[in-house]
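Visitor: I would like a close look at one part of this protein. Please start there and then work outward to what surrounds it.

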Amino acid sequence: NYFRYRKKLMNEQLLNLITKEMPDYVFFLLIYDEIDPLILQKIKKISPKTITLNMFTDDDWRYDDFSRFYALFIDYPIVNITDVDMKKPYLRDGIKNLSLSFGMNCNLFRPLNIEKKYDVSFVGRPNASRVALVKFLLDNKINIKVWGDGWENYPEITLAYRGHLPADELVKVTNQSKINLGFTQGGYGKLQLKGRILEIAACKSFTLLEYFSAYKRYFKEGKELVMFKDKDDLLKKIKYYLMYEKEREKIAEAAYKRMITQYNKHIE
């Protein structure tokens, strides 16, 4: 509706829907400025009992010029954990009712007990760091496959690229991969705690992750999680864990147990 009717009319449609339904809750996942902050004020006037929530993402680099303003108009900010201390700026600015989010629905991502047909896989968008690492692995004869929009612009990784991966195929590919790569460096060159590790763990699959110390708060390094620090370390560990299947599966099993007991968002 934003692209069909543009922002002003789409916001008016939202208010009309609120007026009609008088909902108990309105849940947002704001990405840009698609909702005018004044609309959030008007929702409270139209339906005073309505509780508003928003999932804030990438606050490690978006807080100062985005989240800190929208959070003032939201009853319950839910902050996706991407860095070491996500509470700090919110507490500094007196924003209340904060909830941190780190988890996955283990009914959606789950073990399928199917053949592992891919040696190494990565699912996600490219950036300079990721392209360089994938190219390095190809040059060193690693059988890696990548999925995601944007890789078609890099002819140097044509042998690895498998195209767009539909959401319903993501769980299958994760299960079919002996090693699921996780790249921690985001598009702005900043290290981030990525939710992909949770998807892989929920599938009882093995992840090899670009090093970021924040992950050690949630998984035990060497027992539930393996990280690499540079391209040579990456290549060394890929060769090692492709060779030692039982050790790879033991770590995947431990990560799965941690996942379903502590980070499972599905409630029966």
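How many residues line the largest pocket, and which of them lie nearest its centre?

Guide: A caution comes before the answer: this is a predicted model. The largest pocket is lined by 50 residues. Nearest its centre lie Asp 58, Gly 124, Arg 125, Arg 130 and Lys 194. The volume of this pocket is about 1600 Å³. Sorted by class, its lining has 24 nonpolar, 16 polar and 10 charged residues.

Next, the elements behind that lining. At least two residues each come from helix 3 (59–70), strand 5 (118–123), helix 6 (167–176), helix 7 (196–202) and strand 8 (207–210). Helix 7 gives the most, with 5 residues.

The second largest pocket has a volume of about 200 Å³. It is lined by 14 residues. Closest to its centre are Lys 116, Cys 203, Lys 204, Ser 205 and Glu 249. Strand 7 (177–182) and helix 9 each supply at least two residues of this lining. Helix 9 has the largest share, 3 residues. By class, the lining of the second largest pocket divides into 5 nonpolar, 4 polar and 5 charged.

Now the sheet that holds several of these strands. Strand 5, strand 7 and strand 8 belong to an open sheet of 5 strands, with the order 6-5-7-8-9 and parallel pairing. Its edge strands are strand 6 (144–147) and strand 9 (226–228), and each pairs on one side only. On average, neighbouring strands in this sheet are turned by 30° against each other, direction ignored. Strand 5, which supplies at least two residues to the lining of the largest pocket, runs parallel to strand 6 and is joined to strand 6 by 4 bridges. Within this pair, Phe 122 stands opposite Val 146 in strand 6.

Two helices pack on this sheet. Helix 5 (residues 128–139) touches strand 5, strand 6, strand 7, strand 8 and strand 9. The direction of helix 5 makes about 150° with that of strand 6. Helix 8 touches strand 5, strand 7, strand 8 and strand 9. The direction of helix 8 makes about 145° with that of strand 9.

Helix 8 leads back to helix 9, which contributes to the second largest pocket. Helix 8 (residues 231–243) packs against helix 9 (residues 245–262) at an angle of about 100°. Their axes are 5 Å apart. Angles of 65 to 115 degrees count as roughly perpendicular, and helix 8 and helix 9 are therefore roughly perpendicular to each other. On the helix 8 side, the contact has Tyr 240, Tyr 241, Leu 242 and Met 243. On the helix 9 side, it has Glu 245, Glu 247, Arg 248 and Ile 251. The residues of this contact divide into 5 nonpolar, no polar and 3 charged.

One further sheet completes the tour. It is an open sheet of 4 strands, with the order 1-2-3-4 and parallel pairing. Strand 1 (25–28) and strand 4 (99–101) stand at its edges with a single partner strand each, so one side of each is left without a neighbour in the sheet. The twist averages 20° from one strand to the next. Strand 1 pairs with strand 2 (residues 51–56) in the parallel sense, over 4 bridges. Here the bridge partner of Val 26 is Thr 52 in strand 2.

Methods
Residues numbered from 1 in each chain as written. Predicted model: local features only at pLDDT ≥ 70, side-chain atom pairs only at ≥ 80, totals over all residues. Heavy atoms only, no water. Axes fitted to C-alpha atoms, helices over the stretch in contact; angles between N-to-C directions. Parallel < 35°, antiparallel > 145°, perpendicular 65-115°, else oblique. Contact = heavy atoms within 4.5 Å. Nonpolar A, V, L, I, M, F, W, Y, C, P; charged D, E, K, R; others polar. 1 Å grid on protein atoms, 1.4 Å probe; cavity = no way out; pocket = protein on both sides within 12 Å on 5 of 7 lines; lining within 4 Å. Points joined across faces, edges and corners; volume = space filled by probe spheres on them. Pairing = 2+ DSSP bridges.
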